[in-house]
Amino acid sequence: MSIVNKMTTLVSRTGRELQRYEHGHRLVAGCIPYRYKLTEDNKKMEVLMISSQKGQGLFFPKGGWEKDETVEEAACREALEEAGVRGLLQDLLGSWDYKSKGLQGVSCPEGLCRAYMFPLAVTEQLDTWPENSRHRQWFDVSDAMEKCRHDWMREALRNLIATTESHA
């Protein structure tokens, strides 16, 4: 299954009133944007990482899955809002539970999140995007693995590698 990310909105959604929660977890959707760079002997996968809003560390685009969208639509929206990329969204890589210190609140007092992550084969990279205060950078897979701040993101990246290798 591939979903083309053709969303045209260039304004970030804000607020938590439409966000989904399940069993004490805030539901999050995201993706690992990737592309292939041609080298002399073959093609090499690169993945796009973005800075956090506070500028500490690098992440893959992700954010709250809202009630008026599918998880796939949410993942595409987050890629556009946070990283300024569009592309072909592919099959789910998996879901991971994690704890966010910054997201504790009435609806999610423990700060628990469940992230659904997808591969996104990038077809377009915009010059301006809603959250262009974030820095974005392409990395080869081994460098990206080192840059991931969280084990669950490294596992999602390993799943992407396994998925793309099985389709090669």
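**Exercise 1.** Which side chain meets R86 in a salt bridge? Find the partner in this predicted model, then say where the two residues lie and how accessible each one is.

*Solution.*
- Step 1: Start at R86 and look for its charged partner. The side chain of E124 meets R86 in a salt bridge, with N to O at 3.3 Å.
- Step 2: Place the pair along the chain. R86 belongs to strand β7 (residues 85–89) and E124 to strand β9, so this pair links distant parts of the chain, 38 residues apart.
- Step 3: Check the accessibility. R86 has a relative accessible area of 13%, and because buried means under 20%, R86 is buried. E124, at 34%, is partly exposed.

**Exercise 2.** Take E82 and find what forms a salt bridge with this residue. Is E82 buried or exposed?

*Solution.*
- Step 1: The partner is R134, and the closest N and O atoms are 3.4 Å apart.
- Step 2: E82 sits in helix α1, while R134 is in the loop between β9 (112–125) and β10 (136–140). The two are 52 residues apart, and the pair links distant parts of the chain.
- Step 3: E82 counts as buried at 8% relative accessibility, and R134 counts as buried at 10%.

**Exercise 3.** Now stay inside one helix: how many residues apart are E81 and R77?

*Solution.*
- Step 1: Both lie in helix α1 (residues 71–83), four residues apart, which is about one turn of the helix.
- Step 2: Their side chains meet in a salt bridge at 3.4 Å, N to O.
- Step 3: E81 counts as buried at 4% relative accessibility, and R77 counts as buried at 2%.
- Step 4: Widen the view. E69, R77, E78 and E81 are joined into one network by salt bridges that share partners. The structure holds eleven salt bridges.

**Exercise 4.** Turn to the nonpolar residues. How many residues does the largest nonpolar core have, and which of them have the most contacts inside it?

*Solution.*
- Step 1: The largest nonpolar core has 27 residues, and those with the most contacts inside it are I32, V47, F60, L157 and L160.
- Step 2: Ask which elements build this core. Those giving two or more residues include β3 (25–38), β4 (43–51) and α2 (141–147). The element that gives the most is α3, with six residues.
- Step 3: Look around I32. Leaving aside neighbours within four places in sequence, I32 is in contact with residues including V47, F60, M117, L157 and L160.
- Step 4: Look for another core. A second, separate core has 19 residues, among them C76, A83, V85 and V122.

Terms used
Residues are numbered from 1 along each chain as its sequence is written. This is a predicted model: local features need pLDDT of at least 70, side-chain atom pairs count only at pLDDT 80 or more; totals for chains, interfaces and linings use all residues. Side-chain values use heavy atoms; hydrogens and water are left out. A salt bridge is a side-chain nitrogen of Lys or Arg within 4 Å of a carboxyl oxygen of Asp or Glu. Buried means under 20% relative accessible area, exposed over 50%, partly exposed in between (1.4 Å probe, protein chains only). A nonpolar core is a set of buried Ala, Val, Leu, Ile, Met, Phe, Trp, Tyr and Cys residues joined through side-chain atoms within 4.5 Å. Contact means heavy atoms within 4.5 Å.
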